[in-house]
Amino acid sequence: MNYRGGGAPENSSLKGKEKGFTLAEVLITIGIIGLVAALTLPALINNNRNKALETAFKKNYSAISQVLNMYYAQNGERLTPEYVGPHELKPILIKYMNVLHDCGWGAEHTDEELKKACIPYSPDATKRSQVYKNFNGTNTIYLTLFDDGQFILNDGSLILLENVSAGGRLYISVDVNGYLKNPNRLANNLYCSKTSTSTLNGAGCTIKAINEKDYFTKLH
């Protein structure tokens, strides 16, 4: 045993035994980290996406509710199908909302970028959207559900209207993150089933999204 200066004794038997991790150990550690990341990242990404959709949904629901209340305050009557004639809904809503682009009845623009942001208009009742699907993704949706007016809000939300006639169908659909981003699934006001293949499946999910606290955490 040797002594250096006034320090502690140096144990010569430990010399040469201190070493770092071997390459195999490092690779095993990296492999474990990669496996854990592969298992957890998809869930984290999905949760973040669903949280963003929930936030955008609540924001748009609140905005449309405010518009309907403002209309009632100024006109003394509720905005209901009985009092809204063909194509009258769009100019009413635009008056109260922060509109970035007016899409006409569909992609009626020479601007190619705007054509991408607004879905195509089609008078053909049998034509279906190749992007929008029903709630569980088992069927595509007829474009006629969105052909009575479209416009894009300042936050990128796409408003799609169905306004055939007074006393007829009156739908306000909102794509909360725009036409170019997924999930592009229907969730408005009639059906909300995980098994139905109906083209309107999902048109009843708004009520569930409002009332069920875990609705967005269960989205896939």
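Here is a short chat about a predicted model, going from its cores to its sheet, helices and disulfide.

Reader: Before we start, how are residues numbered, and which pLDDT do local features need?
Author: Residues count from 1 along each chain as its sequence is written, and side-chain values use heavy atoms, with hydrogens and water left out. As this is a predicted model, totals for chains, interfaces and linings use all residues, side-chain atom pairs count only at pLDDT 80 or more, and local features need pLDDT of at least 70.

Reader: Which element gives the most to the largest nonpolar core?
Author: A nonpolar core here is a set of buried Ala, Val, Leu, Ile, Met, Phe, Trp, Tyr and Cys residues joined through side-chain atoms within 4.5 Å; buried means under 20% relative accessible area, exposed over 50%, and partly exposed in between, with a 1.4 Å probe and protein chains only. The largest such core has 15 residues, and Leu-79, Leu-89, Leu-93, Met-97, Phe-151 and Leu-161 have the most contacts inside it. Two or more residues each come from α1 (23-75), α2 (89-96), β4 (150-153) and β5 (158-163), where helices (H or I, at least four residues) and strands (E, at least two) are DSSP runs numbered from the N terminus. With 4 residues, the element that gives the most is α2.

Reader: Why do the buried residues of α2 line one face of the helix?
Author: The buried ones in α2 are Leu-89, Lys-90, Ile-92, Leu-93 and Tyr-96. Looking down the axis, and taking directions from that axis to the C-beta atoms, these residues line one face because they fall within an arc of 165 degrees.

Reader: Which residues of α2 does Leu-161 touch?
Author: Contact means heavy atoms within 4.5 Å. Skipping residues up to four places away in sequence, Leu-161 touches a list that includes Phe-151, Tyr-171 and Ile-172, along with Leu-89, Lys-90 and Leu-93. The α2 helix spans 89-96, and the names you want from that list are Leu-89, Lys-90 and Leu-93.

Reader: Which are the edge strands of the open sheet?
Author: Strands pair if DSSP finds at least two bridges between them. Here 4 strands run in the order β1-β4-β5-β6, with antiparallel pairing. Inside the sheet, β4 and β5 share 3 bridges, and Gln-150 has Leu-160 of β5 as its bridge partner. Pairing on one side only, the edge strands are β1 (99-102) and β6.

Reader: Is Val-174 buried, exposed or partly exposed, and what is its relative accessibility?
Author: Val-174 sits in strand β6 (residues 170-175). Beyond its neighbours within four places in sequence, Val-174 contacts Asn-60, Ile-64, Ser-157, Leu-158 and Ile-159. Asn-60 is 114 residues away in sequence, yet the C-alpha to C-alpha gap is 7.6 Å. Val-174 counts as partly exposed because its relative accessibility is 26%.

Reader: Is Asn-50 buried or exposed?
Author: Asn-50 lies in helix α1 and touches Phe-216, Thr-217 and Leu-219, leaving out residues up to four places away in sequence. Its relative accessibility is 2%, so Asn-50 counts as buried.

Reader: Which cysteines form the disulfide?
Author: The whole structure holds 1 disulfide, meaning a pair of cysteine sulfur atoms within 2.5 Å. One partner is in the loop between β1 and α3 (112-117), the other in the loop between α3 and β2 (128-133), 15 residues apart. Both are buried, and the link is left-handed at -60 degrees about the S-S bond. With sulfur atoms 2.0 Å apart, the pair is Cys-103 and Cys-118.
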